[in-house]
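Okay, thanks for coming, everyone. I'd like to walk you through one structure today, so let me put it on the screen.

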Amino acid sequence: MPDIRITNCHVHCFTDRHIPRHYPHRALIPFKRRPGLVRVLAAGAHLLGQEGLAQNLRRLARFGSEARAASQAEILARLNPQYPEDARFVILPMAMEASGHGPVPVPIAAQHDELATLAATPGWAGRLIPFAGIDPRLPGAAAELRRCIEVLGFRGLKIYPRLGFAPDHPVLMAEVYPLLEARGLPVVSHCSRGGVTGRGIAAAQADALSAPQAFIPVMRAFPRLRVNLAHFGGAADWQAYVDEGVTPGQEGDNWMLAIRDMILSGDYPGLWTDISYTLFETEAYLPVLKLLLDDTRIAGRVLFGSDYYMTRQEALSERAVWVRLRAGLGKGRFRQIAEVNPEVWLGERAAI
């Protein structure tokens with residue numbers, strides 16, 4: 001598809017050197033060190049008829065093999081052949097030192113430095129769009145963001161509230177969002193019920209920190225800040241909508257519908273969302289996406305993203321999914337979410 005320049009707005013390439021040693025649990029450390037053992041356990045579960053367990057173990061093995069890459073460059077080298085040669089990738093680091101899951105072998109600043117070097121490498125220059133990843137609870141978080149923007153040339157910010165902080169954390173409100181808004185740079189926030197949760201953070205608390213409504217104080221205080229609430233609410237809420245529908249008056253309880261309604265309200269001019277991971281779960285979500293994109297206000301605020309390499313837990317490849325999206329949405333709709341909207345969101349093109 002040489003006539004569409006795809007920008008994947010949600011890609012990860014951090015390795016296990018950037019992940020806390022004890023994540024997701026101390027008991028799994030032996031399995032992390034012996035990936036072959038996970039495959040053996042998966043085969044055993046299959047033979048015993050425990051196909052659900054076997055599938056989860058196979059997903060863990062695929063994810064683990066990706067994370068054990070020697071460098072971020074190695075991960076991106078696996079992703080690159082899945083896309084046209086002019087495709088671009090917004091790279092989102094993870095700052096996990098304050099997650100409570102143990103020490104991180106390589107700190108976030110070094111992760112940023114490696115990514116900056118990679119983005120300047122021939123073959124990647126102009127195709128990698130690095131964002132900074134910070135946790136406002138870490139000392140010097142705002143200074144690290146400023147370094148990434150002013151010294152390394154990064155193009156935005158990624159935050160992950162499920163780790164245990166609110167989107168309107170005082171450091172973010174006083175030092176981070178004003179800088180981003182002044183420079184016209186966007187922010188991505190994890191917005192689904194799944195993902196990494198800080199140690200000791202209950203699921204309900206993690207959900208409250210990650211919910212679309214948690215970002216309302218931010219968007220009211222910084223109306224020109226372009227905010228991407230990633231995953232369009234997450235697969236669990238899409239599945240609930242497909243299976244159960246919605247009770248009138250309770251649309252806000254479903255995060256996909258909450259984001260939809262927040263965009264349609266016009267009250268949050270900086271609000272965007274992406275379809276990363278969610279549309280990789282099942283083909284059942286594609287018709288729902290098509291219906292959502294029938295509204296031009298929604299169609300103008302949805303970004304293509306995949307959540308690679310998190311999607312390596314699923315059986316479908318990157319190419320299979322974006323080709324399926326291109327075929328299912330049609331050329332015009334796919335161009336809008338994969339080319340036009342990302343350019344607007346990144347500040348490269350005027351809003352239509």
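One bit of vocabulary before we start: when I say helix or strand, I mean a DSSP run, with at least four residues for a helix and at least two for a strand, numbered from the N terminus. And please keep in mind that this is a predicted model.

Let's begin with a loop, since that's where the vocabulary comes in. Asp-307 is in the loop between strand 9, residues 302-303, and helix 14, residues 318-329. What caught my eye is its backbone: phi of Asp-307 is near 75°, so a positive value in a residue other than glycine. Is Asp-307 buried or exposed? Buried, because its relative accessibility is 7% and the cut-off for buried is under 20%.

There's another residue of that kind. His-231 isn't a glycine either, and it has a positive phi of about 75°. His-231 belongs to strand 7, which covers residues 227-233. With 4% relative accessibility, His-231 counts as buried.

Now the sheet. It's an open one with three strands, in the order 1-2-3, and the pairing is parallel. Why do strand 1 (7-11) and strand 3 (128-130) each have one side without a neighbour in the sheet? Because they stand at the edges, so each has a single partner strand. On average, neighbouring strands here are turned by 20° against each other, ignoring direction. As a reminder, strands of a sheet pair through backbone hydrogen bonds, either parallel or antiparallel. Strand 2, residues 88-91, runs parallel to strand 3, and three bridges join them. If you want a spot to click on, Val-90 stands opposite Ile-129 in strand 3. Then look at helix 15, residues 331-345: it lies across strand 1 and strand 2, at about 65° to strand 1.

Next, a glycine. Gly-156 sits in the loop between helix 6 (141-150) and strand 5 (157-159). Gly-156 is buried, with a relative accessible area of 0%. What does it touch? Leaving out residues up to four places away in sequence, the list is Pro-130, Phe-131, Ala-132, Leu-185 and Pro-186. Take Phe-131: it's 25 residues apart from Gly-156 along the chain, yet their C-alpha atoms are separated by 4.6 Å.

Tyr-285 makes a similar stop on the tour. You'll find Tyr-285 in helix 12, residues 285-293, and it counts as buried at 2% relative accessibility. Again not counting residues up to four places away in sequence, Tyr-285 touches Ala-235, Trp-238, Gln-239, Val-242, Thr-278 and Leu-279. The C-alpha atoms of Tyr-285 and Val-242 are 7.9 Å apart, with those positions 43 residues apart along the chain.

On to the rings. How many aromatic pairs are there? The count comes to ten. One aromatic cluster is formed by Tyr-83, Phe-89, Trp-124, Phe-304, Trp-322 and Phe-334. There's a charge over a ring as well: the charged end of Arg-193 sits over the ring of Trp-255, 4.2 Å from its centre.

Last, cysteines, because somebody always asks. How many disulfides does the structure hold? Zero. Cys-9 is buried, with a relative accessible area of 0%, and Cys-148 counts as buried at 0% relative accessibility.

That's the tour. Shout if you want me to go back to anything.

Note on methods. Residues are numbered from 1 along each chain as its sequence is written. This is a predicted model: local features need pLDDT of at least 70, side-chain atom pairs count only at pLDDT 80 or more; totals for chains, interfaces and linings use all residues. Side-chain values use heavy atoms; hydrogens and water are left out. Two strands pair if DSSP finds at least two bridges between them. Axes are lines fitted to C-alpha atoms, for helices over the stretch in contact, and angles run from 0 to 180 degrees between N-to-C directions. Contact means heavy atoms within 4.5 Å. Buried means under 20% relative accessible area, exposed over 50%, partly exposed in between (1.4 Å probe, protein chains only). Rings of Phe, Tyr and Trp (its six-membered ring) pair if their centres lie within 6.5 Å; planes under 30 degrees apart count as stacked, over 60 as edge-to-face and the rest as tilted. A charge sits over a ring if NZ of Lys or CZ of Arg is within 6 Å of the ring centre and within 35 degrees of the ring normal. A disulfide is a pair of cysteine sulfur atoms within 2.5 Å.
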